[in-house]
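Good morning, everyone, and thank you for letting me take a few minutes of the meeting. Please have a look at the sequence and the structure while I talk, and stop me whenever a term is unclear.

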Amino acid sequence: MAAAAAGQSWRRVSSFTGPVPRSRHGHRAVAIRELVIIFGGGNEGIADELHVYNTVTNQWFLPAVRGDIPPGCAAHGFVCDGTRILVFGGMVEYGRYSNDLYELQASRWLWKKVKPQAPSTGSPPCPRLGHSFSLYGNKCYLFGGLANESEDSNNNVPRYLNDFYELELQHGSGVVGWSIPVTKGITPSPRESHTAIIYCRKDLGSPKMYVFGGMCGCRLNDLWELDIETMTWSRPETKGTVPLPRSLHTANVIGNKMYVFGGWVPQSAGGEISAHDGEWKCTGSFSYLNLDTTEWIGLISDCHEDKSNLLPGPRAGHCAVAVGTRLYIWSGRDGYRKAWNNQVCCKDLWYLDTEKPPAPSQVQLIRATTNSFQVKWDEVPTVEGYLLQLHADLPVPSVAGIPGTGVPETSVLSSQGSGSSVHQSPQSLPSVPYPEMKVDHPSQTNNVSVQVSLSSNSLLKIEEKEKVAAPENKITQETMRNHADATGFKESNAPSLLPVCTSSPQTSANVGELHDLDKRTVNPDASVSSTVSSTQTMVTQQAVKTESSSTNGAVVKDETSLTTFNSKSEAAETANIMPSTRVNTGQTNDSHSSKTPQRQMAPVKTRDRQWYDVGIFKNNSAVVSQFYLLPEEILSVSKKMESEDVPDYRLLKKQDLLPGTVYRFRVAAINGCGVGPFSKISEFKTCIPGFPGAPSTVKITKSVDCIYLSWEPPASPSGNILEYSAYLAIRSTQLQENPSQLVFMRIYCGLKTSCIVTAAQLSNAHVDYTSRPAIVFRISAKNERGYGPATQVRWLQGKVGVRR
């Protein structure tokens, strides 16, 4: 691969907010979900703060840590196991090294000094720096480093190490102790400032540790492999060009590749290893080792001089961390001074998308009107935007056959503790590059930023992405024969599963998941800010926390009728009509304000079916009322050519959505590598005028022996409401045969906007475990024309659940 090709994906991040840490080297970083956590390092003194960078909100913050806070250190071991972080050793001051072990519970920002048991044979690890500390399963593996032979820290007598230790961890918190494994084969030579990663091939299942490079008086570029199951060292044969000898570089595993960036390399040309005190320089070279084939691939060469600021500059002692398939690099030194407090350090933050993003979830329906859909899909980590497309035969056909449907699902947010508060983080508007296109976008968002205030009970600031979802239900031909009104249903006791039909503004959502005896409030429209209060707890958040539905169908059952709703698989058809789409992203210095990608189209491959762009969106939701039509000449050319540049959208005609029409949606994520694969196809139908909308603001209040279910009338009743029907998903033999097909029993029919659900009825409730355990209700309204769409509510249950 050419260096220029790899460089196109690098992004320099600028305009971040919050307390930016001072530049440094010798620090370490790990990732917990989308958070990059950085500790230690030195520059004008050794840093002892814990800094966190949120890759989604582009914010730095300083958590309020407590407990046994460790002293500042550099060149230490730093690994992450779930939400706990372990720190071992490092330099605590010039010439004085440590062998202390600390644990950070990041869920509470609580430090604790831990004292592992000594090995049954031999001594525990001596104080050191520049060692590798790698995690696999419930064990950490310590290799090598640099020790000071002198007891006087001012008289530094270096001793390079190649000892090997295993540290067993306790589940959740704490450690068991050190052991010294008996290894076979030739042990790697002593070294420090090397890297070590652990990788396990999917097909073989034997974890291997790979040690690369380091320093032992001169730089090294040897590669060593340790089979962790047999504890056997070996030197794997490699293909390709081995990177120059180096130390103070980084190595990170993403997929089946070990990415090696930067470090100190010999100054001499030709790759010759320098003498003990030879000249060396920082490098910005970038390579990866394919861990399945052990082939080295160079992406940015050592001799590459970047004058355009499009690539990270040379550096050593930086940190690198993988967040999903994205590699982040921060700070490090770009020059060498022998005094510890006189280093030349970088201040920049970069990231590289190493792979195209995976396919998002299916598009989910939040609500529909006669001529628009509000849709949403699950967020994909570390992406720059989403390409949303729809399909409709043109001219748009009359409704025939099986209408696609979608039911919004809402549920409630679990409070993490009394007195906690959830704060909204700023959300940018979608990046829509079509100025003439009317794409409505919710002013609120469902990206819940869980940032619990850092008081005495400080909690982990981790943004939890939760989604409003709608199952994709399709009515069978048998149902169509049994129902005859304009919604596809005659007057019956079965709830309509057509999309939520409302043209009113979004209503406030009352939210909060409280404990069993608390008041529970949910909103079927689930996309706005609000506060819920009860006699026991108040939770404030920007949006209802919801989850993706995998309910593929339903059976509605009462005393007089049995209606079946089936789901039609779209997987095979998706594969047939998915075009090969590419995006070339323009270079930017700000990852959160990148240029709109320029996309190329691929030919239509099935049944003259054409996908049309709705737009490219920054966030994972949109209100769709129009889409773009491609001229006939473009369509004909695209069928003959492998790809064709998309014309200026401002020159294209727009097509409005029509009432009572079925549209198919798919979405793909975009990052620096281009457009990823499209999601599975979802199918929704716009509403037909005259029917009532869905009931809103559903509230569930629990008492000792029953619950109270209440709701508000539809925002668009389209006439007088004659009655409401409420349904409960129940256990049944049919459900056991087809777990994706829910069975509903009607539990209320009347004019009131509330009902009581008895303990006897709840005892027969089905608990849906497709995402988080929940009891499912549906509520619909009826006017002179018939029943409108149903609101589906998922009432989240705790670990204990309900009576079975």
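I would like to begin with strand E40, residues 611–617, where seven of the seven residues are buried, so this strand is largely enclosed by the rest of the structure. Please keep in mind throughout that what you see is a predicted model. Strand E40 has a partner, namely E30, and the two run antiparallel, with six bridges joining them. If you want one position to find on the screen, look for Leu 388, which stands opposite Gly 615 in E40.

From strand E30 we can step back to the loop just before it, because Glu 384 sits in the loop between strand E29 (373–376) and strand E30 (385–391). The side chain of Glu 384 meets that of Arg 11 in a salt bridge, with 3.3 Å from N to O. Arg 11 belongs to strand E1, residues 10–13, and the pair therefore links distant parts of the chain, 373 residues apart. Are these two partners buried or exposed? Glu 384 has a relative accessible area of 8%, and because buried means under 20%, it counts as buried. Arg 11 is buried as well, with a relative accessible area of 0%.

That pair is part of a longer list, since the structure holds 17 salt bridges. Let me show you another, between Arg 128 and Asp 163, whose side chains meet at 2.8 Å, again taken from N to O. Arg 128 lies in the loop between E10 and strand E11 (132–136), whereas Asp 163 lies in strand E13 (residues 158–169), so the pair ties together parts that are 35 residues apart in sequence. Here the two ends have their own descriptions: Arg 128, at 0% relative accessibility, counts as buried, while Asp 163, at 22%, counts as partly exposed.

There is also a group to point out, in which salt bridges that share partners join Asp 81, Arg 84, Glu 103 and Lys 112 into one network.

My last example is the salt bridge of Asp 100 with Lys 113, where the closest N and O atoms are 3.7 Å apart. Asp 100 is in strand E9 (residues 96–105) and Lys 113 in strand E10 (residues 110–114), with their positions 13 residues apart in the numbering. Both count as partly exposed, Asp 100 at 28% relative accessibility and Lys 113 at 36%.

Thank you, and I am happy to take questions.

Definitions and conventions:
Residues numbered from 1 in each chain as written. Predicted model: local features only at pLDDT ≥ 70, side-chain atom pairs only at ≥ 80, totals over all residues. Heavy atoms only, no water. Salt bridge = Lys/Arg side-chain N within 4 Å of Asp/Glu carboxyl O. Helix = DSSP H or I, 4+ residues; strand = E, 2+ residues; numbered from the N terminus. Buried < 20%, exposed > 50% of the residue type's maximum accessible area, 1.4 Å probe, protein only. Pairing = 2+ DSSP bridges.
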